[in-house]
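Let's take a walk through this one together, starting in the middle of the chain and working outwards. Keep the 3D view open as you read.

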Amino acid sequence: MSTEHTAYIETLAHVNCGECDGYWGLSDITKADLSGTEWSCPHCGHSQPIGEFVES
Ligand SMILES: [Zn+2]
């Protein structure tokens, strides 16, 4: 059995609500998965699609 560490690269989408500006994260998701569907803000319940992908 190996004693080396293991690593896994996680993709995380940082989402800011268009209504309350609350932040939440969606992990292991692609841009295609994020597009064309509505997401509900966990803070205020505001439901909208992602309007803009900001370059990091
Ligand atoms: Zn919100």
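## A walk from strand 2

Strand 2 covers residues 23–27, and none of its five residues is buried, so the strand lies largely in the open. Bear in mind as we go that this is a predicted model.

What does strand 2 pair with? Its partner is strand 1, residues 12–16, and the two run antiparallel, joined by five bridges. Strand 1 tells a similar story on burial: the number of buried residues among its five is zero, so strand 1 lies largely in the open too. To get your bearings on the pairing, find A13, whose bridge partner in strand 2 is L26. Then look for N16, which stands opposite Y23 in strand 2.

L26 is worth a pause. This residue sits in strand 2 and comes out as partly exposed, because 14 other C-beta atoms lie within 10 Å, while a buried residue would need 20 or more. Once you set aside neighbours within four places in sequence, L26 is in contact with A13 and V15, so A13 turns up both as a contact and as the bridge partner under the contact and bridge criteria used here. Looking further along the chain, E38 is twelve residues away from L26 in sequence, and their C-alpha atoms are 13 Å apart.

Now for the turn. Strand 1 and strand 2 form a hairpin with six residues between them. D21 lies in that loop between the two strands, and its phi is positive, about 65°, although D21 is not a glycine. Why mention that? Most residues other than glycine have a negative phi. Is D21 buried or exposed? D21 counts as exposed, because it has 10 C-beta neighbours inside 10 Å and the cut-off for exposed is 12 or fewer.

There's another aspartate to look at just past strand 2. D28 is placed in the loop between strand 2 and helix 1, residues 31–34. D28 has a positive phi as well, about 50°, and is not a glycine either. Its burial status is exposed, because D28 has 10 C-beta neighbours inside 10 Å.

Back in the hairpin loop, turn to C17, which lies between strand 1 and strand 2. Which residues does C17 touch, leaving aside those within four places in sequence? The contacts are G22, C41, H43, C44 and H46. C17 has 18 C-beta neighbours inside 10 Å, so it counts as partly exposed. P42 is 25 residues from C17 in sequence, yet the two C-alpha atoms are 9.0 Å apart. S40 gives another such pair: S40 and C17 are 23 residues apart along the chain, with 8.7 Å between their C-alpha atoms.

That brings us to the far side of the helix. S40 lies in strand 3 and counts as exposed, because it has 12 C-beta neighbours inside 10 Å. Leaving aside neighbours within four places, S40 is in contact with G45 and S47. G45, for its part, is in the loop between strand 3, residues 38–40, and strand 4, residues 47–49. G45 is exposed, because 10 other C-beta atoms lie within 10 Å. Compare its position with that of S35, ten residues away along the chain: the C-alpha atoms of G45 and S35 are separated by 19 Å.

Time to zoom out. The protein has one helix and four strands, and reading along the sequence gives the pattern β-β-α-β-β. How does its radius of gyration sit against that of a compact globule of 56 residues? The globule would be near 10 Å, but the protein has 15 Å. The C-alpha atoms fill a box of roughly 50 × 20 × 20 Å along the principal axes.

The lack of burial you saw in the two hairpin strands extends to the whole chain: of the 56 residues, 0% count as buried. Finally, take the contacts between residues at least 6 apart in sequence. Of these, 25% join residues at least 24 apart.

Note on methods
Residues numbered from 1 in each chain as written. Predicted model: local features only at pLDDT ≥ 70, side-chain atom pairs only at ≥ 80, totals over all residues. Rg over C-alpha atoms; globule rule 2.2 N^0.38 Å. Contact = placed C-beta atoms within 7 Å.
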